[in-house]
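Student: I would like a close look at a single part of this structure. Please take me through it step by step, and then show me what else is there.

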Amino acid sequence: MAAPRDSPATLLTAPAGSPVWRRKALNRVMTAIIAGAFALAMLPLLSLLFEVAKRGIPGLSIEFFTTSARGAIGGGGAAHAIVGTLVITGVAAAISVPIGIMAAIYLTEYGGRSRLRRWLTFFVDVMTGIPSIVAGLFAFALFALIFGPGVRLGVMGSVALAVLMVPIVIRSSEEVLKIVPNHLREASYALGTPKWRTIAKVVLPTAFAGLVTGVMIAVARIIGETAPLLVTTGVVDSINSNPFDGRMQNLAVYAYSEYRTPGVMKQASYDRAWAAALTLIAIVMILNVVARLIYRRYKTETR
Amino acid sequence: MPGTTDTARVRSEAGQEPVPTPQAPSTTPEPAAAEGRQAKTIEARNLNLFYGDFHAVENVTMTIAPNKVTALIGSSGCGKTTFLRSLNRMHELNPGARVEGEVTLDGHDIYARGVDPVQVRRLVGMVFQSPNPFPTMSIYDNVAAGLNLNATRIKKADKDAVVERSLRGAHLWEEVKDRLDKPGSSLSGGQQQRLCIARAIAVEPEVLLMDEPCSALDPVATLAIEDLIGELKSKYTIAIVTHNMQQAARASDITAFFNLEETGRPGRLVEVGETETIFTSPSEQATEDYVSGRFG
C-alpha cells in the first residue's frame with residue numbers, strides 16, 4: 001500500500017510526530033550540526049588571526065619596515081627579514097615552478113600508462129609528506145658536500161624550500177592540465193601542429209590560471225617554514241639581498257630568534273616577533289588576492 | 001605528378017617513399033583564383049583499423065573523390081568515425097591504436113614509413129562534432145591558428161588577408177568583421193562551427209573531413225552549414241560522417257554505408273555509390289533496410 005501523497009494541506013499542517021514533521025525536524029537538526037561544525041573549524045583560525053593581530057600591531061612601525069637589526073640595541077626593525085623572505089621564496093619558486101610544471105606536463109601529456117609515470121606519481125606522493133627539517137638537512141648536506149661544511153647561503157634555503165614546493169606544484173599542475181579538454185588538443189593536432197607546440201600554445205595558456213593558483217598554494221605552504229631555514233640560511237642582522245652571498249635573514253627565523261633571544265628590551269623584541277608573524281600572514285593574504293585576481297582575469301571557460 | 005594506383009603501390013612497397021612536397025600554403029596567400037588549385041583524391045585500400053586487439057573496422061576499400069561531398073552513414077558504433085579519423089592519421093593518437101592497409105592521398109601513401117603525420121594533418125583538415133574554438137584566442141587568432149601554431153612566417157597584411165578569405169569562405173565574415181578581437185567562445189553554436197570551418201580552410205588543406213559537423217546545432221545553423229559544404233566542394237575534397245540520413249541525402253553526392261553485423265564484430269563498408277542510387281535503389285539488402293529506417 002503506497003504512502004499517501006503529501007498535499008499542501010498535509011505538509012503545512014503536519015502534526016508533531018507525523019512522518020512529514022519528523023523529516024523536517026531531522027533536516028533542521030542536521031543543518032544546525034553542520035553549521036556548528038563549520039563554526040568550530042573556523043574558531044581556531046579566527047582566534048589565531050585575532051591574537052596575531054592584537055599582539056603584532058604594537059610591533060608595527062615605520063622603523064619595523066625600514067630598518068634592519070644591524071647595530072640596533074633594543075631597537076631595530078625587520079626590513080632585512082622581509083627582504084630575505086621575499087628573496088628566498090622568490091628563488092625557491094624560480095627553481096620549483098619550471099621543474100614542477102614540466103614534470104606535470106610529462107605526467108599528463110607524455111606519460112600515458114608507462115611505468116615511469118607510475119613510479120613518478122608514487123614518489124611525488126611520498127615527497128608531499130617530507131618533514132620540512134629533512135628538506136633543510138638535505139640542502140645543508142648537499143651544499144656541505146660541494147662547498148664544505150659551515151657554508152650558509154640564502155640559496156640553500158631556497159633549495160630546501162624548493163624540495164618542499166615541487167611535489168605540490170606537480171600535483172596541482174597535473175590536475176589542472178588534466179582538466180584541459182581533449183578536444184582542444186585534437187583541434188590543434190588536426191591543424192597539423194606538432195605535439196610540443198600544442199602543449200606550449202594551446203594547453204598551457206588554457207591552464208594558465210589554474211597553474212598560477214597551484215604555485216600560490218605551494219608558496220603559501222613554505223613561506224612560514226622555519227626549521228629548514230634555521231639550518232641553511234642562518235641568522236644575521238643585516239640586509240642581504242644576494243642569495244649567493246652569505247647568510248640571509250627571513251621573517252620566520254626572525255620571529256623565532258626575536259622570541260628566543262630577546263634583546264635588552266624584552267617586550268619590544270616580543271612585539272617585533274609578533275609583528276613579523278603578522279607580516280608573514282599579510283604577505284600570504286596579498287599573494288592569495290593577487291592569485292585570485294589573476295585567476296579571474298585569465299580563466300578560460302572550457303566546456 | 002601522381003602515378004596510377006598500381007605504380008603507387010609498387011613505389012610504397014619498394015621501401016622509403018619520400019614525403020612528397022605538399023602544396024603547402026605559401027607565405028603569401030593565393031588570390032581568389034584558388035579555384036585553380038586542384039582538389040585531391042583520397043583513397044583507402046584494404047584498410048583495417050584496430051584499438052589494441054579490438055578489430056574496429058574491417059577491410060575498407062573506397063575512393064573519396066575530389067570536388068564532391070562523400071557522406072559516410074551507418075548506425076552507431078559501426079566505425080565510420082574511426083575510418084574518418086584514419087584518413088588524417090588522428091586514429092593513431094589513441095593509445096594502442098593500429099592501422100593496417102593503405103591510405104593514399106593523390107597517389108602517395110600517407111602511412112608509408114618516413115611520412116610525418118603532422119604533415120599529413122596539414123594536408124587533410126578536420127572539423128569536429130562539437131565546435132571547439134580555442135578559448136584563449138580571439139576570433140582572428142582562432143582562424144589564424146593554423147599559421148600561428150606553426151610559427152609560419154607571414155606578414156601581418158598577408159595574415160589579415162588569409163583570415164578574411166577564410167571567414168568569407170565560411171560565410172562568417174559579415175557577422176564578425178567588427179569584432180575580430182573578441183574571444184572565440186563569444187559566438188553562438190552555429191557561428192562557432194563556422195569559425196572552426198574557417199580555421200580548417202585557412203591552411204588550405206587538400207581534403208576536408210567533417211565528423212558530424214551539425215549534430216550539435218539547431219536546424220537553422222545546420223542548413224547554413226550544409227549550404228556552406230555545398231559551396232566548399234568546388235574547392236576541396238569533402239568527406240562527412242553523419243548520423244542523419246536526411247542530411248546525407250540532402251548534402252552529399254556520394255554515400256558510403258557502413259554496417260556492424262553484431263556488437264564485437266568489426267564494422268564493414270557495405271556499399272558505396274551515388275547518393276541518389278543508395279537511397280532509391282541500393283544493391284545490398286542491409287543498405288535498403290537502413291535507409292528505409294528498418295533499423296539504426
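Tutor: We start with one helix, then turn to the domains, the contact between chains and a set of strands.

This is a predicted model. Keep that in mind throughout.

Take helix α11 of chain A, residues 251-260. Is α11(A) enclosed or open? Count its buried residues. Seven of the ten are buried, so the helix is largely enclosed by the rest of the structure. Here, a residue is buried if 20 or more other C-beta atoms lie within 10 Å of its own. Now go along the helix. Leu251(A), Ala252(A), Val253(A), Tyr254(A) and Ala255(A) are buried. Ser257(A) and Glu258(A) complete the buried set.

What do these residues pack against? Three helices of chain A serve as partners: α4 (79-110), α10 (227-232) and α12 (266-298).

Now step back to the whole of chain A. The chain is divided into domain 1, residues 18-57, and domain 2, residues 62-298. Their C-alpha centres lie 33 Å apart. Where the two domains of chain A touch, four residues of domain 1 are in contact with five residues of domain 2. On the domain 1 side, two of the residues are nonpolar, one is polar and one is charged.

Next comes the contact between chains. Chain B brings 22 residues into contact with 20 residues of chain A. Which elements of chain B give two or more residues to its side? They are α3 (117-123), β6 (124-127) and α5 (145-148). The largest share comes from α3(B), with four residues. By class, the chain B side has eleven nonpolar, nine polar and two charged residues.

Last, look at the strands of chain B. Strand β4(B) covers residues 97-105, and β1(B) covers residues 42-51. These two pair in the antiparallel sense over eight bridges. To find the pairing on screen, pick out Phe50(B), which stands opposite Arg98(B) in β4(B).

β4(B) also pairs with β5(B), residues 108-109. That pairing is antiparallel too, over two bridges. Here Thr104(B) stands opposite Asp109(B) in β5(B). What do β4(B) and β5(B) form? They make a hairpin, with two residues between the strands. Look for Asp106(B) in the turn: its phi is positive, about 55 degrees.

Methods. Residues numbered from 1 in each chain as written. Chains lettered and ligands numbered in written order. Predicted model: local features only at pLDDT ≥ 70, side-chain atom pairs only at ≥ 80, totals over all residues. Domains from an automatic or database assignment. Contact = placed C-beta atoms within 7 Å. Nonpolar A, V, L, I, M, F, W, Y, C, P; charged D, E, K, R; others polar. Buried ≥ 20, exposed ≤ 12 C-beta atoms within 10 Å, placed from the backbone. Pairing = 2+ DSSP bridges.
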